[in-house]
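Me: I have a protein structure to study. Could you take me through its sheet and its salt bridges?

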Amino acid sequence: QVLLLESGGGLVQAGGSLRLSCAASSRTFSTYTMGWFRQAPGKEREFVAAIGWNGVWTDYADSVKGRFTISRDNAKNTVTLQMNSLKPEDTAVYYCAAGPLGTRRAEYMYWGQGTQVTVSS
């Protein structure tokens, strides 16, 4: 069982930045692929970014590539999502998730409660 707690959401103007953090409870945090997903009102949840267990590989949705950066600190059991050049269409609830080694965009087993990100135009 992995408990995930997101923080760092809020209201920002278009073009601004936010940094989301996710703290994990598991002692085996370093064995999980970590990902960020988001869900906007009336839309399905979508993949945003993922990072491998040792940080060697990262994966991004085309819509955020070049603007968002995912990173992790296995010593602190945390994963972060740095979001720059935010756009109104980035408005959503953002979820942190933990998945098995080898996964990238699917098969995540553990999810946080989510944090709201609102980008005003």
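Reply: Below are short questions and answers on this predicted model.

Me: In what order do the strands of the open sheet of 4 strands run?

Reply: Strands of a sheet pair through backbone hydrogen bonds, either parallel or antiparallel. In this open sheet the pairing is antiparallel. Reading across its 4 strands, the order is β1-β3-β8-β7.

Me: Which strands stand at the edges, with a single partner strand each?

Reply: An edge strand here has one partner, so one of its sides is left without a neighbour in the sheet. That applies to residues 4–7 and to residues 68–73. The edge strands are β1 and β7.

Me: How many degrees does the twist average from one strand to the next?

Reply: The sheet is open and its strands pair antiparallel. From one strand to the next, the twist averages 15 degrees.

Me: Which residue in β8 is the bridge partner of F68?

Reply: Start with the two strands. β7 pairs with β8, residues 78–83, in the antiparallel sense over 6 bridges. F68 has its bridge partner in β8, and that partner is M83.

Me: How many salt bridges does a search of the whole structure find?

Reply: A salt bridge needs a side-chain nitrogen of Lys or Arg within 4 Å of a carboxyl oxygen of Asp or Glu. The side chains of R38 and E46 meet this way, at 2.6 Å from N to O. Over the whole structure, the search finds 5.

Me: Are R38 and E46 buried, partly exposed or exposed?

Reply: Buried means under 20% relative accessible area, and exposed means over 50%. R38 has 6% relative accessibility, so R38 is buried. E46 has a relative accessible area of 35%, so E46 is partly exposed.

Me: How many residues apart in sequence are the parts that R38 and D90 tie together?

Reply: The side chains of R38 and D90 meet in a salt bridge, 2.9 Å from N to O. R38 lies in strand β4, residues 33–39, while D90 lies in the loop between β8 and β9. The pair therefore ties together parts whose separation in sequence is 52 residues.

Me: Which residues do salt bridges that share partners join into one network?

Reply: D90 also meets R67 in a salt bridge, at 2.7 Å from N to O. R67 is in the loop between β6 and β7, and D90 is 23 residues away in the loop between β8 and β9. Both R67 and D90 are buried. Through shared partners, the salt bridges join into one network R38, E46, R67 and D90.

Note on methods
Residues numbered from 1 in each chain as written. Predicted model: local features only at pLDDT ≥ 70, side-chain atom pairs only at ≥ 80, totals over all residues. Heavy atoms only, no water. Pairing = 2+ DSSP bridges. Axes fitted to C-alpha atoms, helices over the stretch in contact; angles between N-to-C directions. Buried < 20%, exposed > 50% of the residue type's maximum accessible area, 1.4 Å probe, protein only.
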